[in-house]
Amino acid sequence: MEATATLRFLKASPQKVRLVADLIRGKKVDEALSILRFTRKSSAKDLEKLLRSAVANAENSEAGVDTDDLVVSKIFVNEGPPAPMGRAYRIQKRKAHVTVHVSDEVKAVNERKGNGAPASAGSAPSKKPAKAGAPRRARAAAK
């Protein structure tokens, strides 16, 4: 069972919000809420409210959900529009869109698809020849 909550047009830089979001990714909801409560970043308060909303969405969507077992399975921060659209606007006031997914299934947060091995795990790195338009030093080093 998975529930989501989305916060759009948060008046904060996505880069700064990602710093806080990385702290709670993969944590249990109780632990994530306590981390957010004591984090001294301005976006932590907004993320705490968003996480509480996601937990409430999980409770309302399915009756038999135990909130103690919920985990922050995914959280991601995207960029919003930088300024009023259609205006000549020099100063960028950055916005962020934040989405939180809570789930009762415990699985790897950044789970890879497939066999889990990197693509070039068994093969040796191949040396490509330098292109004809490359600088002379690069062509000499490739020989």
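Of which hand is the crossing of H2 and H3? I began with this question and worked outward from it, bearing in mind throughout that the model is predicted.

**Entry 1. H2 against H3**

I find that the crossing of H2 and H3 is left-handed. Helix H2 covers residues 29–37, and its packing angle with H3 is about 160°, the axes being 9 Å apart. With angles over 145 degrees counted as roughly antiparallel, I therefore enter H2 and H3 as roughly antiparallel to each other.

I then listed the residues that meet. H2 supplies Val-29, Ala-32, Leu-33, Leu-36 and Arg-37, while H3 supplies Ala-44, Leu-47, Glu-48, Leu-51, Arg-52 and Val-55. By class, the residues of this contact of H2 with H3 are 8 nonpolar, no polar and 3 charged.

**Entry 2. H1 against H3**

I turned next to helix H1, residues 14–24, which packs on helix H3, residues 42–61, at an angle of about 60° with the axes 9 Å apart. H1 and H3 are therefore oblique to each other. I recorded their crossing as right-handed.

On the H1 side the contact is made by Lys-16, Val-17, Val-20 and Ala-21, and on the H3 side by Ser-43, Ala-44 and Leu-47. I sorted the residues of the contact of H1 with H3 into 5 nonpolar, 1 polar and 1 charged. I note that Ala-44 and Leu-47 of H3 are listed in the contact with H1 and again in the contact with H2.

**Entry 3. The sheet**

In what order do the 3 strands of the open sheet stand? I read the order as E1-E3-E2, with antiparallel pairing. Strand E1 (2–10) and strand E2 (71–79) are at the edges with a single partner strand each, so one side of each has no neighbour in the sheet. The twist from one strand to the next averages 15°.

I looked more closely at E1 and strand E3 (residues 96–103), which pair in the antiparallel sense over 7 bridges. As one instance, I noted that Leu-7 has Val-98 in E3 as its bridge partner. H3 lies across E1, E2 and E3, and runs at about 145° to E1.

**Entry 4. Two residues of the sheet**

Is Ala-3 buried or exposed? Ala-3, placed in strand E1, has a relative accessibility of 5% and so counts as buried. I computed its separation from Asn-57: the two are 54 residues apart in sequence, yet 6.1 Å apart in space, C-alpha to C-alpha. Leaving aside neighbours within four places in sequence, I find Ala-3 in contact with Ala-54, Asn-57, Ala-58, Val-100, His-101 and Val-102.

I made the corresponding check for Thr-99, whose place is in strand E3. Its relative accessibility is 12%, and Thr-99 therefore counts as buried. Not counting residues up to four places away in sequence, Thr-99 touches Ala-5, Thr-6, Lys-74, Ile-75 and Phe-76.

**Entry 5. The whole protein**

I closed with the overall account. The protein has 4 helices and 3 strands, and from the N terminus its elements follow the order β-α-α-α-β-β-α. Of the 143 residues, 30% are buried. I also examined contacts between residues at least 6 apart in sequence, and 69% of these join residues at least 24 apart.

Technical notes. Residues numbered from 1 in each chain as written. Predicted model: local features only at pLDDT ≥ 70, side-chain atom pairs only at ≥ 80, totals over all residues. Heavy atoms only, no water. Axes fitted to C-alpha atoms, helices over the stretch in contact; angles between N-to-C directions. Helix = DSSP H or I, 4+ residues; strand = E, 2+ residues; numbered from the N terminus. Parallel < 35°, antiparallel > 145°, perpendicular 65-115°, else oblique. Left-handed = near helix turned anticlockwise from the far one by under 90°. Contact = heavy atoms within 4.5 Å. Nonpolar A, V, L, I, M, F, W, Y, C, P; charged D, E, K, R; others polar. Pairing = 2+ DSSP bridges. Buried < 20%, exposed > 50% of the residue type's maximum accessible area, 1.4 Å probe, protein only.
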